[in-house]
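Colleague: I should like to go through this structure with you and ask on what grounds each description rests. Please set each value against its criterion.

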Amino acid sequence: MIRWMIVIFLALLLISWFTPFLHKLGLGKLPGDVRFRFLGRDWFLPFTTTLLLSWGASLIAQFV
């Protein structure tokens, strides 16, 4: 159980580090990525970007 928590933590850490680079590539601004303001706070739900990145990760995993 603790191993999975460490893996998830490291994955979130890597995603947060690479977010500015991914925005430069246009990820996060795709059709299907939702941005809205609710209760005075900006919310971002990257549905399309998540699907695209998980598809890419599964391709890499198949070749490794």
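Colleague: In which helix is leucine 13 found, and why is leucine 13 called partly exposed?

Modeller: Leucine 13 is found in helix α1. Please keep in mind that this is a predicted model. The relative accessible area of leucine 13 is 28%; buried would require under 20% and exposed over 50%, so leucine 13, at 28%, is partly exposed. Between the C-alpha atoms of leucine 13 and glycine 28 there are 17 Å in space, with their positions 15 residues apart in sequence.

Colleague: Why is alanine 11 called partly exposed?

Modeller: Alanine 11 lies in helix α1, which covers residues 2-24. Its relative accessible area is 34%, and because partly exposed is the class between 20% and 50%, alanine 11 is partly exposed.

Colleague: How far is the C-alpha atom of alanine 11 from that of serine 54, and what makes serine 54 partly exposed?

Modeller: The two C-alpha atoms are separated by 12 Å, although alanine 11 and serine 54 are 43 residues apart along the chain. Serine 54 belongs to helix α2, residues 47-63. With 39% relative accessibility, serine 54 is neither under 20% nor over 50%, and therefore counts as partly exposed. From serine 54 to lysine 24 the C-alpha distance is 19 Å, for a separation of 30 residues in sequence.

Colleague: What pattern does the protein follow along the sequence, and how do you know that β1 and β2 are paired?

Modeller: The pattern is α-β-β-α, with 2 helices and 2 strands. Pairing requires at least two bridges; 6 bridges join β1 to β2, so the two strands pair, and they run antiparallel. Among the partners, aspartate 33 is matched with proline 46 in β2, and phenylalanine 36 stands opposite tryptophan 43.

Colleague: What do β1 and β2 form together, and how many residues are between them?

Modeller: They form a hairpin with 2 residues between them. Leucine 39 lies in this loop between β1 and β2.

Colleague: What is notable about phi of leucine 39, and why is leucine 39 called exposed?

Modeller: Phi of leucine 39 is near 55°, which is positive in a residue other than glycine. Most residues other than glycine have a negative phi. As to accessibility, leucine 39 reaches 76%; since exposed means over 50%, leucine 39 counts as exposed.

Colleague: Which residues make the nonpolar surface patch?

Modeller: The patch, of about 700 Å², is made by Val34, Phe36, Phe38, Leu39, Trp43, Leu45 and Phe47. Two or more residues come from each of β1 (33-38) and β2 (41-46), and β1 gives the largest share, 3 residues.

Colleague: What makes phenylalanine 38 partly exposed?

Modeller: Phenylalanine 38, in strand β1, has 47% relative accessibility. Exposed would need over 50% and buried under 20%, so phenylalanine 38 is partly exposed. Membership of a patch requires over 30% relative accessible area, and phenylalanine 38 at 47% therefore meets that cut-off.

Colleague: How do you know that arginine 37 forms a salt bridge with aspartate 42?

Modeller: The closest N and O atoms of arginine 37 and aspartate 42 are 3.4 Å apart. The criterion is a nitrogen within 4 Å of a carboxyl oxygen, so the pair qualifies as a salt bridge. By this rule the count comes to 1 salt bridge.

Colleague: Are the two partners, arginine 37 and aspartate 42, buried or exposed?

Modeller: Arginine 37 has 56% relative accessibility, and aspartate 42 has a relative accessible area of 56%. Exposed means over 50%, so arginine 37 is exposed, and aspartate 42 is exposed.

Colleague: What radius of gyration does the protein have, and what would a compact globule of 64 residues have?

Modeller: The protein has 14 Å, whereas a compact globule of 64 residues would be near 11 Å. Along its principal axes the C-alpha trace spans about 40 × 25 × 20 Å. Of the 64 residues, 8% count as buried, that is, they have under 20% relative accessible area.

Colleague: What share of the accessible surface belongs to carbon and sulfur atoms?

Modeller: Their share is 76% of an accessible surface of about 5,900 Å².

Key
Residues numbered from 1 in each chain as written. Predicted model: local features only at pLDDT ≥ 70, side-chain atom pairs only at ≥ 80, totals over all residues. Heavy atoms only, no water. Patch = residues over 30% accessible without salt bridge, like charges linked within 9 Å, V, L, I, M, F, W, Y side chains within 5 Å. Areas by Shrake-Rupley, 256 points an atom, 1.4 Å probe, with all protein chains shown as cover. Salt bridge = Lys/Arg side-chain N within 4 Å of Asp/Glu carboxyl O. Helix = DSSP H or I, 4+ residues; strand = E, 2+ residues; numbered from the N terminus. Buried < 20%, exposed > 50% of the residue type's maximum accessible area, 1.4 Å probe, protein only. Rg over C-alpha atoms; globule rule 2.2 N^0.38 Å.
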